[in-house]
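Visitor: I would like a close look at one part of this model. Please set it in context as you go.

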2 protein chains.
Amino acid sequence: MARPTPLSGFPEWLPAGRIVEQHVLDTLRRTFELHGFAGIETRAVEPLSELLRKGETSKEVYVLRRLQAEADDAAAVDDNTLGLHFDLTVPFARYVLENAGQLSFPFRRYQIQKVWRGERPQDGRFREFYQADIDVVGAGELPYHVEVELPLVISEALGALPIPPVRILVNNRKVAEGFYRGVGLDDVEAVLRSIDKLDKIGPAKVAALLQEEAGATPDQAAACVALAGISGSDARVAEQVVRLAKQHGAHSDLLDSGLAELVALVEEAAAVAPGVLVADLRIARGLDYYTGSVYETVLVGHEALGSICSGGRYDELASDGANTFPGVGLSIGVSRLVSRLLGEHLVGASRSVPSAVLVAVTSEQTRSASVRAAAALRARGIPVEVAPSAAKFGKQIRHADRRGIPFVWFPGVDGASDEVKDIRSGEQATADASAWEPPSADRWPTVTATEG
Amino acid sequence: MARPTPLSGFPEWLPAGRIVEQHVLDTLRRTFELHGFAGIETRAVEPLSELLRKGETSKEVYVLRRLQAEADDAAAVDDNTLGLHFDLTVPFARYVLENAGQLSFPFRRYQIQKVWRGERPQDGRFREFYQADIDVVGAGELPYHVEVELPLVISEALGALPIPPVRILVNNRKVAEGFYRGVGLDDVEAVLRSIDKLDKIGPAKVAALLQEEAGATPDQAAACVALAGISGSDARVAEQVVRLAKQHGAHSDLLDSGLAELVALVEEAAAVAPGVLVADLRIARGLDYYTGSVYETVLVGHEALGSICSGGRYDELASDGANTFPGVGLSIGVSRLVSRLLGEHLVGASRSVPSAVLVAVTSEQTRSASVRAAAALRARGIPVEVAPSAAKFGKQIRHADRRGIPFVWFPGVDGASDEVKDIRSGEQATADASAWEPPSADRWPTVTATEG
């Protein structure tokens, strides 16, 4: 069998890289749990009817069929056909409806799973990747303060990682819609689509686009482009927007209510996590389906990577006729982040295996003494492996060194004491397997930002 | 949208059930890491050519295609078609070959992931489930002692779970093959296929089958059936086999070498974990591809559930022409186990959310005081959530009670001290959020075996 080659779009890591990814996943999970989010997992598949409820995403779905399905059925696709989920929101909405009677609302959940998108291979995008989502969903109603709480949980979770600082950019659907309608533009979605192109084509071309696509006058287009230029972390954002609205003769209760929410959000956030949350009225992505706050998150110094965590407030995650479930949610693109961290060597693991100690084997006849020493260390929570063969000690030390294992343990022979060697310093001392402790920093692999 | 219904074969749990599953996964992971196994994850998909290398399993594969693939391609299946992995061994073998140059051998890895099997829905089998695998793989060679070590790691991992005790049944390909050839039966696979039916059809019908399918004489058939009846945990197993072989005029060096291994295995295991490992010569499943020890694991009192952990020694996990990679591996069927634990209420979680404390909100105007108290508790690693609304305290206490949250925290108003109430006992006392600690058993949800 020839050496296999990687599949484009399906990232995999060597053991040391997986330690980094696992550290990211563990850290996110711990922060979410400290905030009382319950973990759930949903199956990887949903019926196509569920996946295509919002039509637009259909192009990215992988559909499944059993290899041994009858030939007639092989190419058939109907509503019951199963597809792999492409995000965690669609399955969560289904889970909430399916289990509504057994869940307590507001329901706080986190969900960390892989998702799949049937991208064309040549796009160079991920086709399999981890997402880490938090949502709070209410039955019928959900108070505004959840829109303040959730980006702060994300800020804390990302802040606990060995990564550059993040900046969470927030906007509010009510501000955008209130302003556009205030200046006389009622096709809000068309305006948003144009504004969303600002980074790509610049303000002049967006102003032209607004006139072509959203029926704006030059003055209306200028107002929208000017709105998108406003950002900040305090009440001055609202003052600027109000001034701009007045200049263009706009007034709207919706705008006022949105501005009050937006200012409350950035000011409350600034008290808890100064400088992390910034109101940025250029954010348009997602405003077509979110109904209140909307969030995007950039890694400072790596803005070109795009948003690593997005989300917002939605008034209807799901509805079964009798009940409607509003929510606020954010989703971290874990694989995109980890791939960048590993690809640019921004973080590293202290070793490639869990073991803090390799127990040497003096001879195969005395392997059981090594196994006993290992068990004694392990009983106190120290990760340990036993050397695979009774090779010369120099070779056994190299075995540890290659894996980054810091300590080699030598069981005493014929009544002699055990000894332990720190192979980094070369220091060796007698030790008792039922009492010895490694320095706490050496017990488990650590993941840290690398210098430079 | 109507209330969705579960998909047969794709298990999902409510939050309390997920806490149980997560506890099982965490416990397995911790034990594997204490033994120095490095965690890896492989992508969910493999090319069909890889999945079908052992032809037989083809019936269980789910193949993927992009929903938007051109119609011509929709029904086409070739070697490059992607399928979901149906176990973790095939992807691990591919991973080892792909990364052999960057791995250190012997390579100890664990892998905990979902796998998928395209079973017919009416079979009522799992179509998506968790497996937790450990393997040690060598480059070119792998010493026998790994065959002793791995079932002991599994015994320790399963022993750390709140489940009934397990029994690991072991056999050895060399014993079976050596004995069959010794009595004159060279079609070893045919003999194994018949012996594998013992539990289902009984010894008389197996003896008949051996004559029909493996060309055995009545005496040879009786010898094979008698061999399958031998079990035990010490050297007497070997004595019985040797006596039986003599009765049937059989001698074989392979048999002798297999018996020496099998006895060494159960005796060494008995010294570490008395009563867990039992030699059972009826075990035939897997002996067609394993080359040394083979393992099956039953939950005592739940034997009808079948094996919850199986594996063995294989001389060629993978080969790239230049190198051959022998290994020893075991795979735990986690979902089968968890499904049984939850379905029969054998274990339970102490609550359905991570939170140990609900911080009450006196009024929406003082919510920030509640948020600050929560942050102070959380800073010391206590999972906390803040009440969603400033309802009457009775209602806020019911909110905690419904989720099993043991403590409700009342922030002091107007300079008064904070107070904390254990809602199980009703006891309430003043407390300081920067110092108070819950009893350690209450800090995180616990998972325990239920009475009866």
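Visitor: Into which domains is chain A divided, and which residues make up domain 3? From there, please take me through the five-stranded sheet of chain A.

Guide: Residues are numbered from 1 along each chain as its sequence is written, while chains are lettered from A and ligands numbered from 1 in the order in which they are written. This is a predicted model: local features need pLDDT of at least 70, side-chain atom pairs count only at pLDDT 80 or more, and totals for chains, interfaces and linings use all residues.

Chain A has domain 1 (1-44 + 85-147 + 301-349), domain 2 (165-300) and domain 3 (357-449). The bounds come from an automatic or database domain assignment.

Now the sheet. Five strands of chain A form an open sheet in the order β15-β14-β16-β17-β18, and the pairing is mixed. Strands here are DSSP runs of E with at least two residues, helices are runs of H or I with at least four, and both are numbered from the N terminus. Two strands pair if DSSP finds at least two bridges between them. β15 (384-386) and β18 (428-431) of chain A are the edge strands, each pairing on one side only. Neighbouring strands are turned against each other by 25 degrees on average, direction ignored.

Look inside the sheet. β14 (residues 357-359) of chain A runs parallel to β16(A), with three bridges between them. Leu358(A) has Val408(A) as its bridge partner in β16(A). Helix α13 (residues 367-378) of chain A packs on this sheet. The helix touches β14, β15, β16 and β17 of chain A, and its direction makes about 175 degrees with that of β15(A). Such angles run from 0 to 180 degrees between N-to-C directions; the axes are lines fitted to C-alpha atoms, for helices over the stretch in contact. Contact between two residues means that their C-beta atoms, placed from the backbone, lie within 7 Å.

One loop deserves a stop. Asp414(A) sits between β16 (407-410) and β17 (418-422) of chain A. Its phi is positive, near 55 degrees, and the residue is not a glycine. Most residues other than glycine have a negative phi, and most peptide bonds are trans. Asp414(A) is exposed, because just 5 other C-beta atoms lie within 10 Å. The cut-offs: buried at 20 or more other C-beta atoms within 10 Å, exposed at 12 or fewer, partly exposed in between, with C-beta atoms placed from the backbone.

Chain B has its own sheet, ordered β15-β14-β16-β17-β18, open and mixed in pairing. Its edges are β15 (384-386) and β18 (428-431) of chain B. The twist averages 25 degrees from one strand to the next. β16(B) and β17(B) run antiparallel, joined by four bridges. Phe407(B) finds its bridge partner, Asp422(B), in β17(B). In the loop between β16 (407-410) and β17 (418-422) of chain B lies Asp414(B), whose phi is about 55 degrees.

How do the two chains relate? A rotation of 180 degrees, with 0.0 Å of shift along its axis, superposes chain B on chain A at an RMSD of 0.1 Å. That is the relation of a two-fold axis. The same surface serves both copies, as 100% of the contact residues of chain B recur in chain A. The superposition is by least squares on the C-alpha atoms of residues with pLDDT of at least 70 in both copies.

The contact takes 66 residues from chain B and 66 residues from chain A. On the side of chain B that touches chain A, 29 residues are nonpolar, 17 polar and 20 charged. Ala, Val, Leu, Ile, Met, Phe, Trp, Tyr, Cys and Pro count as nonpolar, Asp, Glu, Lys and Arg as charged, and the others, Gly among them, as polar. Strand β3 (residues 62-66) of chain A pairs antiparallel with strand β3 (residues 62-66) of chain B over five bridges. Val63(A) is matched with Arg65(B) in β3(B).

Back in chain A, domain 1 and domain 2 have C-alpha centres 26 Å apart. The contact involves 16 residues of domain 1 and 15 residues of domain 2. On the domain 1 side, strand β11 (residues 309-319) of chain A gives the most, with seven residues.

A last backbone detail: the peptide bond joining Phe105(A) and Pro106(A) is cis, with omega about -5 degrees. Pro106(A) lies in the loop between α4 (89-99) and β5 (107-116) of chain A.
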